[in-house]
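Student: I would like to learn how to read a protein structure feature by feature. Could we go through one together?

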Amino acid sequence: MKKTISVIVLFAVLVISVSAYSGRVYEAAEGYKAPLFKVEKSDTLVSLADLRGRYVLVNFWASTDAQSRLRANDYDALGDYYPGERFCHLSVNFDRSERLFREIVRRDNLSAKSQFHVSDGEAARLSGAYHLSEGLNSFLIDPEGKIIEVNPDVRYLKSILSDV
């Protein structure tokens, strides 16, 4: 009887430990692994998992969120300064209309290769995974997949990427 209770208690502790740990593996906060996702447009599919080994700047934005739109403009030029194997910029747009998204990209003269629009369903999933309910943020992810900065300014990004 004592042995059975001990086994049950040990199993319960193990289950609780594993479930508590798994919640911390992927978390949209500095020091945690970034939640994985995929974005696509026409013939291009980009997976965050496939970008391991690079610094990745993920910028979530919408035309109705002025601060995130300004960041999208600021970050867009970084891809031209730091192209190649060690850095990737993904700009993910949450506008309800893809037509509006394309018009904003054109008007703001953003690089089409780094800009991705997601559907309402995918936007909701990403919003939950990255805790974007209080505002659209940007995340700098290191080559191991950990978030090292939330809403980094361009000066900080240049200092990190100059060592790359």
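Tutor: We shall take the sheet, then one helix, and then the salt bridges, keeping in mind that this is a predicted model.

Student: Let me begin with the sheet: what is the order of its strands?

Tutor: The general idea is that strands of a sheet pair through backbone hydrogen bonds, either parallel or antiparallel. In this structure an open sheet of five strands follows the order β5-β4-β3-β6-β7, and the pairing is mixed. The edge strands are β5 and β7, the latter covering residues 147-150, and each of them pairs on one side only. From one strand to the next, the twist averages 20°.

Student: How many bridges join β6 to β7, and do the two strands run parallel or antiparallel?

Tutor: Strand β6, residues 138-141, is joined to β7 by three bridges, and the two run antiparallel. If you look for Phe139, you will find it standing opposite Val150 in β7.

Student: Which helices should I look for against this sheet?

Tutor: Helix α2 packs on the sheet, where it touches β3 (55-61), β4 (87-93), β5 and β6, and its direction makes about 150° with that of β3. Helix α4 lies across β3, β4 and β5, running at about 165° to β5.

Student: Within the sheet, is His89 buried or exposed, and what does it touch?

Tutor: His89 is found in strand β4, and because its relative accessible area is 6%, below the 20% cut-off, it counts as buried. Leaving aside residues up to four places away in sequence, His89 touches Leu57, Asn59, Tyr75, Asp76, Ser114 and Gln115.

Student: Now for the helix: which residues of α4 are buried?

Tutor: The buried ones are Phe101, Ile104 and Val105. Seen down the axis of α4, these buried residues fall within an arc of 100°, so they line one face of the helix. Among the elements that cover them are β3, α2, β4 and β5. On the other side of α4, Arg99, Arg102, Arg106 and Arg107 are exposed.

Student: What can I see at the start of α4, and what comes just after it?

Tutor: At the start, a side-chain oxygen of Ser97 reaches to within 3.2 Å of the backbone nitrogen of Arg99. Just after α4, Asn109 takes a positive phi of about 55°.

Student: Where does Glu98 belong, and how far is it from Phe116?

Tutor: Glu98 has its place in helix α4, and it is partly exposed, with a relative accessible area of 43%. Glu98 and Phe116 are 18 residues apart in sequence, while their C-alpha atoms are 9.6 Å apart in space.

Student: I have also heard of salt bridges; how many does a search of the whole structure find?

Tutor: The general idea is that side chains of opposite charge can pair when their charged atoms come close. A search of the whole structure finds five salt bridges. One of them is formed by Asp108 and Arg69, whose closest N and O atoms are 2.8 Å apart. This pair links distant parts of the chain, 39 residues apart, since Asp108 is in the loop between α4 (98-107) and β5 (115-117), whereas Arg69 is in helix α2, residues 66-76. Arg69 is partly exposed, with a relative accessible area of 23%.

Student: Which residues of α4 are linked in a network of salt bridges?

Tutor: Glu103, Arg106 and Arg107 are linked in such a network. Glu103 forms a salt bridge with Arg106, the closest N and O atoms being 2.5 Å apart, and the side chains of Arg107 and Glu103 meet in another at 2.7 Å, N to O.

Student: Why are these residues separated by about one helical turn?

Tutor: Glu103 and Arg106 are separated by about one helical turn because they are three residues apart in helix α4. Arg107 and Glu103 are likewise separated by about one helical turn, because they are four residues apart in that helix.

Student: And are the three residues of this network buried or exposed?

Tutor: Glu103 is partly exposed, with a relative accessible area of 27%, whereas Arg106 is exposed at 56%. Arg107, at 61% relative accessibility, also counts as exposed.

Key
Residues numbered from 1 in each chain as written. Predicted model: local features only at pLDDT ≥ 70, side-chain atom pairs only at ≥ 80, totals over all residues. Heavy atoms only, no water. Salt bridge = Lys/Arg side-chain N within 4 Å of Asp/Glu carboxyl O. Buried < 20%, exposed > 50% of the residue type's maximum accessible area, 1.4 Å probe, protein only. Pairing = 2+ DSSP bridges. Axes fitted to C-alpha atoms, helices over the stretch in contact; angles between N-to-C directions. Contact = heavy atoms within 4.5 Å. Arc of directions from axis to C-beta. Polar contact = N/O pair within 3.5 Å; in protein donor to acceptor, adjacent residues only side chain to side chain.
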